[in-house]
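Please open the model in your viewer and keep the sequence panel beside it, since this tour moves from one selection to the next.

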Amino acid sequence: MADADADSRPNILLVLTDQERYDASAPGDPQVKTPGSDRLSREGVRFEQAFTPISICSSARASLLTGQFPHRHGMLNNCHEPDALQPNLPTDFPTFSEELANNGYNLSYIGKWHVGRDQTPEDFGFSYLGGSDRHHDDIDAAFREYRKERGVPLGEPFLEDQIYTGEDPRDASEGTLVAATAPIDVEDTRAWFTAQRTIERIEEYANGSRYTPFFHRTDFYGPHHPYVVPEPYASLYDPDDIERPDSYAETYDDKPRVHENYLAYRGVDGFDWDLWAEVIAKYWGFITLIERQLKRILDALDIHGMTSDTVVVHAADHGDFVGHHRQFNKGPIMYDDTYRIPLQIRGPKFKTQSSCESPVYLHDLAATFLEICGVDIPDTFDSRSLVPFLDPVSEDPAEIDITNGRYGKSGYWPRSIFGQYHGDEFGLYSQRMVRTDQYKYVYNGPDIDELYDLEADPAELQNLIDDPEYNAVRREMRQRLIKWMDRTEDPNRMWVTDALEDAS
């Protein structure tokens, strides 16, 4: 339990976005207005090489809770689908939230959940404030009542400028809704509602009606598709001004067959650039809508005098293709578009106006939260605390011995990032990935592997797996992957590692 000095420990506010690309808020890129992230970057540390361990919602969110790679916690694909390999997160693994609750922290949660069909945040130590559900398409009772009070309908028939997947992108009967304009006020959106409930909880903490220290988590439903936004965000970005990304030149030559198959599966094989530009404009508008809600939350901390006592973290569960490589959503395609994520951390005793280039994971936050709060990190965690990167008097953590966290209990900070994918509604599809600052290697069980030179080809267009000039690189990257699979007890290691060693 908490010690006598518990009330001096910092509060923590985690804001998690859903399917947000890293590059939308990247420094030096003024295309997308991101006032919340910009402020956190100015006043804290921005992690330039942050990655999700897996690009699918339930799995990534379960990793964040447990501090584990997906193959260890077992939630390998989305829990809401009929083909879910594990519909609920096992309760025998420690989670950072339960550890904090057991050590005197008051935990609260609002927004998207998506970690278990029959579980809610309350099963993991949080006080649940609403907004959570089994899947992002559902709307909880609290938001329904809020919209009812404002006299705003909840359904989709009133939307404008709709874009759908399928042969006719303007035909609602064809496929999935991709983007649209909602003729409602900003105050009627779920993003506004989620921020407002967060601000109300901050007020409760500030006036003493809730005890501190607290950990509050706000999970926005977006910018995940459908990219439905009201004005002024729907027309904030002109499609004619959006630059075509280099990866749009994708031909799928020498790539796994599933890449091109996914165009038809997602229903976007007929999308041209003009249509994608419209979609991207709505996606950017959605990001800016959420970013301004993040700024409202940061302003509320200022107003109530809590900025100096509160650590603020903004991250995303994973990214989004939104037209890059001509793809929609996500899938068994391990490009940086969906694996690289935004991550900013601000705290009263942390570095300011700083950036970190060392590779880190989303689930490293689990260990980070516990160290910040003075709680021991469980041996089950596959994560390392990021506190050394935040401490203004610390040496470069990439050059000193790191001893916290199960994943390589001692040793220097890793120079590689590892990822995995196990499939979703398209069907099971085993993948493993290792990435350094220069190269990326992807193991595809059912098809050709991939190797990219990220310095020469940052858009990941040219697969070099069979290029003889890269034989030594291929062997070295495969050996990195073999060692990681063995160290983290990946259940596929006895088959995959044998295949990789034979192939090398």
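Which side chain does the side chain of Arg72 join through a polar contact of 2.7 Å? The model is a predicted one, and in it the partner is Asp382, whose side chain meets that of Arg72 at this distance. Keep Arg72 selected, in helix α3 (residues 70-73), and add Thr380, because its backbone oxygen is also reached by the Arg72 side chain, at 3.3 Å.

Next, select helix α6 (residues 190-206) together with helix α8 (residues 273-303), whose axes come within 9 Å and cross at roughly 10 degrees. With angles under 35 degrees counted as roughly parallel, the two helices are therefore roughly parallel to each other. To display the contact, show the side chains of α6 residues including Trp192, Ile199 and Ile202, and those of α8 residues including Leu289, Ile297 and Leu301. By class, this contact is made up of ten nonpolar, three polar and one charged residues.

Stay with α6 alone for a moment: its 17 residues span 24 Å from the first C-alpha to the last, close to the 24 Å expected at 1.5 Å a residue. Among its buried residues are Arg190, Phe193, Arg201 and Tyr205, and the buried residues of this helix pack not only against α8 but also against β1 (11-18), β4 (106-111), α5 (141-149) and β8 (214-223). Just after the helix comes Gly208, with a positive phi near 85 degrees.

From there, move to strand β8, where Pro223 lies, and look at the peptide bond that links Gly222 to Pro223, which is cis with omega near 10 degrees. A further cis bond runs from His225 to Pro226, with omega near 0 degrees, and Pro226 lies in the loop between β8 and β9 (227-229). As background for these stops, most residues other than glycine have a negative phi, and most peptide bonds are trans.

Now select Gln19, in the loop between β1 and α1 (35-43), where phi is positive, near 70 degrees; at 0% relative accessibility, Gln19 counts as buried. Glu460, in the loop between β17 (450-453) and α12, likewise has a positive phi, near 55 degrees, and counts as buried at 2% relative accessibility.

The last selection is helix α12 (residues 471-487), in which buried residues include Val473, Met477, Leu481 and Trp484. After α12 comes Glu489, whose phi is positive and near 55 degrees.

Note on methods: Residues numbered from 1 in each chain as written. Predicted model: local features only at pLDDT ≥ 70, side-chain atom pairs only at ≥ 80, totals over all residues. Heavy atoms only, no water. Axes fitted to C-alpha atoms, helices over the stretch in contact; angles between N-to-C directions. Helix = DSSP H or I, 4+ residues; strand = E, 2+ residues; numbered from the N terminus. Parallel < 35°, antiparallel > 145°, perpendicular 65-115°, else oblique. Contact = heavy atoms within 4.5 Å. Nonpolar A, V, L, I, M, F, W, Y, C, P; charged D, E, K, R; others polar. Expected span 1.5 Å × (residues − 1). Buried < 20%, exposed > 50% of the residue type's maximum accessible area, 1.4 Å probe, protein only. Polar contact = N/O pair within 3.5 Å; in protein donor to acceptor, adjacent residues only side chain to side chain.
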